[in-house]
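Q: I work at the bench and would like to learn how to read a structure, feature by feature. Could we go through one together?

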Amino acid sequence: MRVGLSKLKVVFSSILVLSLAVQFSVPFSVSSALPNSSNSANASVNRPVKDKWALVIGISKYAKPELNLKYSDQDARDFYDYLVNEAHFAKDHVKLMLNEQATQKAILSEMGSKWLPRMVAPDDLLLVFISSHGSSSQMDIQGSNYIVAHDTDPDDLFATGIEMQQLVQVIKARVRSDRVVLVLDACHSGAAKASSKGLARQANYDAATIAQGTGQWVIASSLPT
């Protein structure tokens, strides 16, 4: 597995989160960690994890060849293999979407209508891993961050990309689980050479601004700077 320091942090952080969640039923909630949280609130998030699901996305080949990356699809394959072979996810509980499969419509469809909303139960754990390009808030009029799908047009991110905040909102609104881990292996800081995962050399997005409250953790491959 070809990984740099940032990617190693992502993988090991994910392993830690999954291990805690499955073995110790750690609550996936910021509010549950506060000193004044009620016992009933803690009890609701401390339910045992009954099942585990994952959507793993990796895009190295794009409709616009100038966006192509070298290792994103292989990183996704490696992460899929880890989940199935070492993290004990059932094979039919992990969906892998690579390159041409990962269009904007296909990704949103699997997240919002076809697969996750139909399969993930309230007491389950959901992991979403995305390895692709990311865009900075400076590239959008409203300051939004986007994940670049296979068919995304960088000059029209709003219509063709996947807004990160929207992605989390879709999961929260349409998937019944309140235990969600989103791993974003997508950045754009230091994008000075070909094959980097950034569309522009600007400050990176802040993972803390993407999380949508109770039950969701966002792990990013780099800091905002």
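A: Gladly! Let us begin with strand pairing: two strands pair if DSSP finds at least two bridges between them. Keep in mind that this is a predicted model. Here β3 and β6 pair in the parallel sense, over six bridges. To find the pairing by eye, look for Val128, which stands opposite Leu182 in β6.

Q: Which strand is joined to β3 by seven bridges?

A: That is β1, and the two run parallel. A good landmark is Val56, which stands opposite Phe129 in β3.

Q: How many residues of β3 are buried?

A: Buried means under 20% relative accessible area. In β3, seven of seven residues are buried, so the strand is mostly covered. Leu125, Leu127, Phe129 and Ser131 point one way, Leu126, Val128 and Ile130 point the other way, and all are buried.

Q: How do I read a nonpolar core, and which residues touch the most other members of the largest one?

A: Think of a set of buried nonpolar residues joined through side-chain atoms within 4.5 Å. The largest core here has 32 residues, and Ile57, Met111 and Ile130 touch the most other members. Elements that give two or more residues to this core are β1, α4, β3 (125-131), α7 (164-174) and β6 (180-185). The most comes from α7, with five residues. There is also a second, separate core of 18 residues, with Ala87, Val94, Leu127 and Ile219 among them.

Q: What does Ile130 touch, beyond residues up to four places away in sequence?

A: Its partners are Ile57, Met111, Ile147, Leu167, Leu182, Val183, Leu184, Asp185 and Ala186.

Q: Let us turn to a single residue in β1. Is Ala54 buried or exposed?

A: Ala54, found in strand β1, has 0% relative accessibility and therefore counts as buried. Leaving aside neighbours within four places in sequence, Ala54 is in contact with Leu83, Phe89, His93, Val94, Lys95, Trp115, Leu126 and Leu127. You can also compare sequence with space: Ala54 and Val84 are 30 residues apart in sequence, and 9.9 Å apart from C-alpha to C-alpha.

Q: What does the side chain of Ser60 reach?

A: For a polar contact, look for a pair of N or O atoms within 3.5 Å. The side chain of Ser60 reaches the backbone nitrogen of Ser72 at 3.0 Å. Ser60 sits in the loop between β1 (52-58) and α3, yet its relative accessible area is 3%, so this serine is buried. Outside its neighbours within four places in sequence, its contacts include Asn68, Tyr71, Asp73 and Asn99.

Q: How should I read backbone angles, and which phi does His88 have?

A: Most residues other than glycine have a negative phi. His88 has a positive phi of about 65 degrees, although it is not a glycine. Its place is in the loop between α3 (72-85) and β2 (94-98). With 63% relative accessibility, His88 counts as exposed, because exposed means over 50%.

Q: Where does Asn99 lie, and is Asn99 buried or exposed?

A: Asn99 lies in the loop between β2 and α4 (104-114). This asparagine also has a positive phi, about 50 degrees, without being a glycine. At 7% relative accessibility, Asn99 counts as buried, whereas His88 counts as exposed. And you have met Asn99 before, as one of the residues in contact with Ser60.

Technical notes. Residues are numbered from 1 along each chain as its sequence is written. This is a predicted model: local features need pLDDT of at least 70, side-chain atom pairs count only at pLDDT 80 or more; totals for chains, interfaces and linings use all residues. Side-chain values use heavy atoms; hydrogens and water are left out. Helices (H or I, at least four residues) and strands (E, at least two) are DSSP runs, numbered from the N terminus. Buried means under 20% relative accessible area, exposed over 50%, partly exposed in between (1.4 Å probe, protein chains only). A polar contact is a pair of N or O atoms within 3.5 Å; within protein, one must be able to donate a hydrogen and the other to accept it, and residues adjacent in sequence count only if both atoms are side-chain atoms. Contact means heavy atoms within 4.5 Å.
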